[in-house]
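Here are a few short exercises to work through with the model open. Try each one yourself before you read the solution.

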Amino acid sequence: ACEENSDVVFQVGDRTFYCLSALLQVRAPELYALASEYDKNTPIPISGVCPDIFQLLTLTVYGGEIPDDKKNLNELKAFISAADRFGCTRSKHLAEHELVMSDSIGVDNVAELLLFADGANCALIKEAAISYFLSNSDDVRKTKGYAKLKESPHVLEELLIESVEAHKKRPASPVPPERDYKRMRVSDLRSKLDGKGFDNDGSREILAFRLEGVDAAEAATAAEAAAAENDDDNSAAGDEDIESE
């Protein structure tokens, strides 16, 4: 957007950004809520975000992709933090995917990435970081990041649970794969929720719980519709019997 066709103005440091409120309402709800507190011509101050990151955020809000020269670990983390803060779910998931696919996770940073993913509700990064941690646990425990990780009991508990599960022989699941929510990958959980029109952000546990509830509601609705259709068929058949008599 430019000054002539925008209805929202943000001031980030010494730079000005023009946006459309209708788009913010869909893809950046926290920014939209903030904009609703100001009149159209008043620049809205944004603190705690550098202008370059905010520019990248608005680019993805408008449907753009993250440029290759902005896919380094530090910029992606800053971008994810901003996207999470302003409710830009699509942008956040886009950056999560780029970080996981960039091979940025290593022995020296995996512990800190686990803490970062936990704090920003980045289920995809957390899934990848846990997998890497468990495959390289002896080396990771020697790093400075691991000392920080030990200060987060609930993350350590998740690692312990995943470690036990990884070494335990799992019995065959009694439910089909599309209903095995606890074993489903984060990317699959998000894809299924998005396809059904539901919020697909949050921890892996929340995503699995949400999808299970959605599927259960859909199954109940389908069963009620089938029962109603069966009742209609039976009623029609009864009317035909009466007429024939």
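**Exercise 1: a helix pair**

The axes of helix α6 (residues 110–119) and helix α7 (residues 123–135) come within 9 Å and cross at roughly 150°. Work out how the pair is oriented and what makes the contact.

Before starting: this is a predicted model, where local features need pLDDT of at least 70, side-chain atom pairs count only at pLDDT 80 or more, and totals for chains, interfaces and linings use all residues. Residues are numbered from 1 along each chain as its sequence is written, and side-chain values use heavy atoms, with hydrogens and water left out.

Step 1. That crossing angle makes α6 roughly antiparallel to α7 (over 145 degrees counts as such).

Step 2. Next, handedness: α6 and α7 cross in a left-handed way (the near helix is turned anticlockwise from the far one by less than a right angle).

Step 3. From α6, the contact (heavy atoms within 4.5 Å) takes in Val110, Leu113, Leu114, Phe116, Ala117 and Asp118. The α7 side brings Ile125, Lys126, Ala129, Ile130, Tyr132 and Phe133.

Step 4. Sort them by class and you get 10 nonpolar, no polar and 2 charged residues (Ala, Val, Leu, Ile, Met, Phe, Trp, Tyr, Cys and Pro are nonpolar; Asp, Glu, Lys and Arg are charged; the others, Gly among them, are polar).

**Exercise 2: an unusual phi**

Find where aspartate 103 sits and say whether it is buried or exposed.

Step 1. Phi of aspartate 103 is near 60°, a positive value in a residue other than glycine. Most residues other than glycine have a negative phi.

Step 2. Aspartate 103 lies in the loop between α5 (89–101) and α6.

Step 3. Aspartate 103 counts as exposed because its relative accessibility is 70% (buried is under 20%, exposed over 50%, partly exposed in between, with a 1.4 Å probe and protein chains only).

Technical notes:
Axes fitted to C-alpha atoms, helices over the stretch in contact; angles between N-to-C directions. Helix = DSSP H or I, 4+ residues; strand = E, 2+ residues; numbered from the N terminus. Parallel < 35°, antiparallel > 145°, perpendicular 65-115°, else oblique.
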